[in-house]
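Me: I would like to go through a protein model step by step. Please show it first.

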Amino acid sequence: MRVDVVSIFPEYLAPLGLSLIGRARAAGVLDVGVHDLRAWTHDVHRTVDDTPYGGGPGMVMRPEPWGEALDSLVPPGEESGARLVVPTPAGVRFDQAMAHELAAESHLVFACGRYEGIDQRVLEHAGTRMPVTEVSLGDYVLFGGEVAVLVIMEAVTRLLPGVLGNADSLAEESHAHGLLEAPVYTKPPSWRGLDVPEILRSGDHGRIARWRRDQALVRTARRRPDMLAVLPAERLDKRDVAA
Ligand SMILES: NCc1ccc(-c2ccccc2)nc1
């Protein structure tokens with residue numbers, strides 16, 4: 001997968017070179033380019049913003065630099081497999097399903113907005129030649145899209161083949177099977193008067209799997225009842241509590 005990120009604060013994206021993502025790049029499954037939007041400005045002040053039409057507070061990011069940046073990173077006629085992802089508070093909610101969708105793309109281009117956002121015509125014009133996804137991480141506002149890109153990149157990169165050491169951990173993690181994951185424990189068996197649940201030390205893997213499933217259901221019902229509401233009936237097996 002090729003990833004290009006455009007920002008007026010490219011240094012914010014430095015963590016993309018570290019750890020998990022660094023391993024993905026070393027494994028050859030990820031190639032990341034970070035670009036300064038101002039490279040596509042041509043005035044002495046390298047201007048990227050201007051006042052909003054219709055009035056209102058703050059500034060809006062000008063379309064011209066973005067248009068030239070996207071033309072450079074996704075040359076017209078070479079859009080195959082490219083998707084533009086724009087973090088914004090007004091976006092579609094990002095979730096694990098979308099992480100899987102994005103992990104299947106061959107070229108992701110992230111546009112990091114600042115100020116009050118990017119002139120909408122940038123997204124409209126890009127949409128005439130590639131899929132465009134405006135994505136939100138949740139109902140809160142940041143100073144810009146850079147931190148959201150780091151979150152999305154971590155969620156997507158760990159799904160790429162060969163990136164996670166133990167592929168099993170993908171199968172059982174939270175949200176992988178529509179439920180929150182069960183609590184986990186390790187040695188020592190007793191710690192500050194708190195014991196590991198006996199079942200986990202029984203060696204009875206059938207009962208252990210049942211216990212974990214029950215814990216996941218209870219935890220999900222208490223913390224994220226909304227997830228149970230959308231859990232497909234076939235995901236609940238006959239031994240689960242009544243749906
Ligand atoms: N929901 C996460 C998120 C994503 C992007 C932004 C944002 C804020 C200002 C300008 C441009 C993007 N804020 C929150």
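The questions below deal with a predicted model.

Me: In what order do the strands of the open five-stranded sheet stand?
Reply: Strands of a sheet pair through backbone hydrogen bonds, either parallel or antiparallel. This open sheet has five strands, and its pairing is parallel. Its order is S2-S1-S6-S5-S7.

Me: Which strands stand at the edges of that sheet, and why is one side of each left without a neighbour?
Reply: Look for strands with a single partner strand, because a lone partner leaves one side without a neighbour in the sheet. The two that fit are S2 (31–36) and S7 (132–136).

Me: By how many degrees are neighbouring strands of this sheet turned against each other on average?
Reply: The direction of the strands is ignored here. The average turn between neighbours is 25 degrees.

Me: Which residue of S2 does Val6 stand opposite?
Reply: Start with the strand pair. S1 covers residues 2–7 and pairs with S2 in the parallel sense, over six bridges. Opposite Val6, in S2, stands His35.

Me: At about what angle does H5 run to S6?
Reply: H5 is the helix of residues 146–157. The helix lies across S1, S2, S5 (82–93), S6 (107–111) and S7. Its angle to S6 is about 160 degrees.

Me: Are H3 and H5 roughly parallel or roughly perpendicular to each other?
Reply: Two packed helices are described by the angle between their axes and the distance between the axes. The axes of H3 (residues 96–103) and H5 come within 8 Å and cross at roughly 75 degrees. Angles of 65 to 115 degrees count as roughly perpendicular. The two helices are therefore roughly perpendicular.

Me: How many residues of the contact of H3 with H5 are nonpolar?
Reply: H3 brings Ala99, Leu102 and Ala103, while H5 brings Ile152, Ala155 and Val156. No polar and no charged residues take part in this contact. The nonpolar count is six.

Me: Which element gives the most to the lining of the second largest pocket?
Reply: This pocket has a volume of about 420 Å³. Its lining has 25 residues, with Pro87, Thr88, Pro89, Gly113 and Gly117 nearest the centre. S5, H4 (120–126) and S7 each give two or more residues. The most, five residues, come from S5.

Me: How many charged residues are in that lining?
Reply: The lining holds 14 nonpolar and eight polar residues. The charged ones number three.

Me: Which residue is joined to Pro188 by a cis peptide bond?
Reply: Most residues other than glycine have a negative phi, and most peptide bonds are trans. Pro188 lies in the loop between H6 (168–172) and S8 (190–191). Omega of the cis bond is about 5 degrees. The partner is Lys187.

Me: What is the phi of Arg46?
Reply: Arg46 lies in the loop between S2 and S3 (49–50). Arg46 is not a glycine, yet its phi is positive, at about 55 degrees.

Definitions and conventions
Residues are numbered from 1 along each chain as its sequence is written. This is a predicted model: local features need pLDDT of at least 70, side-chain atom pairs count only at pLDDT 80 or more; totals for chains, interfaces and linings use all residues. Side-chain values use heavy atoms; hydrogens and water are left out. Two strands pair if DSSP finds at least two bridges between them. Helices (H or I, at least four residues) and strands (E, at least two) are DSSP runs, numbered from the N terminus. Axes are lines fitted to C-alpha atoms, for helices over the stretch in contact, and angles run from 0 to 180 degrees between N-to-C directions. Contact means heavy atoms within 4.5 Å. On a 1 Å grid over the protein atoms alone, a cavity is a set of points where a 1.4 Å probe fits but cannot get out, and a pocket is an open set with protein on both sides within 12 Å along at least five of seven lines; lining residues have an atom within 4 Å of a point. Grid points are joined across faces, edges and corners, and a volume is the space filled by probe spheres set on the points. Ala, Val, Leu, Ile, Met, Phe, Trp, Tyr, Cys and Pro count as nonpolar, Asp, Glu, Lys and Arg as charged, and the others, Gly among them, as polar. Angles under 35 degrees count as roughly parallel, over 145 as roughly antiparallel, 65 to 115 as roughly perpendicular and the rest as oblique.
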